[in-house]
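Some questions and answers follow on how charged side chains pair up and how accessible they are. Each answer sets a value against its cut-off.

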Amino acid sequence: MPNKNHIFMPFSERTYRVILDMIYPVAFKVDSNGEIYLTSKIRDLLTTDHDFHENDEVSGRIYSINKSIGAFVAIDNKYDSLLRIDELKGVFVEGELVHARVKEVKDDGKIELSLRQRAYLEIDNDSDKILDYLYENGGLAYLSDKSSPSKINKIFGMSKSSFKRAIGRLYKNNDIKIFDNRIELVKRI
């Protein structure tokens with residue numbers, strides 16, 4: 001007989017590996033015998049009926065990761081949202097709490113999130129990331145403002161437009177020189 005102080009989550013109701021001491025967004029269900037159990041299949045229980053707007057700051061737990069789409073996040077355990085794969089830098093797991101910015105609210109109420117701040121706030125971080133890379137690689141990067149977006153994203157984890165803003169600032173501050181096929185640190189005396 002099951003312990004009445006614990007609630008069971010059948011393997012068939014798990015969409016990810018459950019790690020001890022991790023918090024997960026789950027829902028209660030009742031089987032045909034009236035027994036209560038948990039499920040991690042919550043997508044259909046989340047809503048897109050919300051009052052969020054672009055650039056609002058939100059928190060939520062990742063409830064599903066699709067390696068070709070991104071991480072699905074349950075904001076406030078109520079609202080469905082998506083962090084696209086190009087936003088995910090590093091290791092993320094189901095159950096992880098993320099703090100993000102509402103990047104876009106679609107006409108149907110679907111929310112797209114970003115882990116990055118608005119562009120004008122993120123430029124300092126982007127510039128620092130590029131300078132760090134240059135210092136670690138002998139002051140030279142075989143990238144320029146003509147490099148492909150995928151190459152820039154692979155190396156720096158940022159969009160091409162963010163990269164161009166950051167190197168523009170570094171150039172204006174006389175920190176770098178930009179060539180057709182590379183960027184170099186300006187040597188300081």
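Q: Why is D108 called partly exposed?
A: In this predicted model, D108 has a relative accessibility of 48%. Partly exposed covers the range between 20% and 50%, so D108 counts as partly exposed.

Q: What makes the contact of D108 and K110 a salt bridge?
A: The N to O distance between the two side chains is 3.9 Å. The cut-off is within 4 Å, so the pair qualifies as a salt bridge.

Q: How do you know that K103 forms a salt bridge with E87?
A: The closest N and O atoms of K103 and E87 are 3.5 Å apart. A salt bridge needs such atoms within 4 Å, so this pair counts. K103 is in strand β6 and E87 in the loop between β5 and β6, 16 residues apart.

Q: Is E87 buried or exposed, and how do you know?
A: E87 has a relative accessible area of 12%. Buried means under 20%, so E87 is buried. Its partner K103, at 36%, is partly exposed.

Q: What does the salt bridge of E13 and K29 tie together, and why?
A: The closest N and O atoms of E13 and K29 are 4.0 Å apart. E13 lies in the segment before β1 and K29 in strand β1, so the pair ties together parts that are 16 residues apart in sequence.

Q: Why do E13 and K29 get their accessibility labels?
A: E13, at 11%, is buried because buried means under 20%. K29, at 33%, is partly exposed because this value lies between 20% and 50%.

How values were computed. Residues are numbered from 1 along each chain as its sequence is written. This is a predicted model: local features need pLDDT of at least 70, side-chain atom pairs count only at pLDDT 80 or more; totals for chains, interfaces and linings use all residues. Side-chain values use heavy atoms; hydrogens and water are left out. Helices (H or I, at least four residues) and strands (E, at least two) are DSSP runs, numbered from the N terminus. Buried means under 20% relative accessible area, exposed over 50%, partly exposed in between (1.4 Å probe, protein chains only).
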